[in-house]
Amino acid sequence: MINRYPTPAELLLHSGDMLLLDRIVDFNVESTVTEFTPQADAWYIDASGQKPAWLGMVLMPQTIAAYVGLIKGEG
């Protein structure tokens, strides 16, 4: 499948382990949908192998930043 949107790496200042978004699935002036694939050995996985609830508070601003980049045409 060809993605018609820039990659998150093209839109965000995040890099390496801090860039969590995999791709932009959909975008319009009212919303942005992104995709994230959790990794079993990632820095955010807790001792019991679970994703913490606060992870959403990291994914949300990355999606917002991607939205702003798309609106501004920076991708």
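**Figure 1. Overall architecture of the chain.** From the N terminus on, the elements follow the order α-β-β-α, with 2 helices and 2 strands in the chain. Helices (H or I, at least four residues) and strands (E, at least two) are DSSP runs, numbered from the N terminus. The structure is a predicted model, in which local features need pLDDT of at least 70 and side-chain atom pairs count only at pLDDT 80 or more, while totals for chains, interfaces and linings use all residues. Residues are numbered from 1 along each chain as its sequence is written, and side-chain values use heavy atoms, with hydrogens and water left out. The C-alpha trace spans about 40 × 25 × 20 Å along its principal axes.

**Figure 2. Surface, burial and charge of the chain.** The chain has an accessible surface of about 5100 Å², and 58% of this belongs to carbon and sulfur atoms. Accessible areas come from the Shrake-Rupley method with a 1.4 Å probe, and for residues only the protein chains shown count as cover. Of the 75 residues, 27% count as buried; buried denotes under 20% relative accessible area, exposed over 50%, and partly exposed the range in between (1.4 Å probe, protein chains only). There are 4 positive and 9 negative side chains, and the centres of the two sets are 6 Å apart. In this count Lys and Arg are positive and Asp and Glu negative, with His and the chain ends not counted; the place of a charge is NZ of Lys, CZ of Arg, CG of Asp or CD of Glu. Among contacts between residues at least 6 apart in sequence, 42% join residues at least 24 apart, a contact being heavy atoms within 4.5 Å.

**Figure 3. The largest nonpolar core.** This core has 13 residues, and those with the most contacts inside it are L11, L20, I24, Y44, L55, L59 and A66. The largest share of the core, 3 residues, comes from helix 2 (residues 56–72). A nonpolar core is a set of buried Ala, Val, Leu, Ile, Met, Phe, Trp, Tyr and Cys residues joined through side-chain atoms within 4.5 Å.

**Figure 4. Surroundings of I24.** I24 lies in strand 1 and is buried, its relative accessible area being 0%. Apart from neighbours within four places in sequence, the residues in contact with I24 are N3, Y5, P6, P8, L11, T32, V33, T34, A66 and L70. One of these partners, A66, is 42 residues from I24 in sequence, and the two C-alpha atoms are 8.1 Å apart in space. A66 is also a reference point for T7, which is placed in the segment before helix 1 (8–11). The C-alpha atoms of T7 and A66 are separated by 9.0 Å, with their positions 59 residues apart along the chain. T7 counts as partly exposed, at 39% relative accessibility.

**Figure 5. T32 and T63.** T32 belongs to strand 2 (residues 31–35), whereas T63 is located in helix 2. Both threonines count as buried: T32 has a relative accessible area of 15%, and T63 has a relative accessibility of 16%. Not counting residues up to four places away in sequence, T32 touches I24, D26, F27, T63 and Y67. With the same exclusion, T63 touches L21, T32 and T34. The side chain of T63 makes a polar contact with that of T34, at 2.8 Å. A polar contact is a pair of N or O atoms within 3.5 Å; within protein, one must be able to donate a hydrogen and the other to accept it, and residues adjacent in sequence count only if both atoms are side-chain atoms.

**Figure 6. The methionines M18 and M57.** M18 is in the loop between helix 1 and strand 1 (23–28), while M57 is found in helix 2. M18 is partly exposed, with a relative accessible area of 42%; M57 counts as exposed, at 58% relative accessibility. Leaving aside its neighbours within four places in sequence, M18 is in contact with W43 and Q62. From M18 to E35 the C-alpha atoms are separated by 15 Å, across 17 residues along the chain. M57 and E35 are 22 residues apart in sequence, and their C-alpha atoms are 15 Å apart in space.
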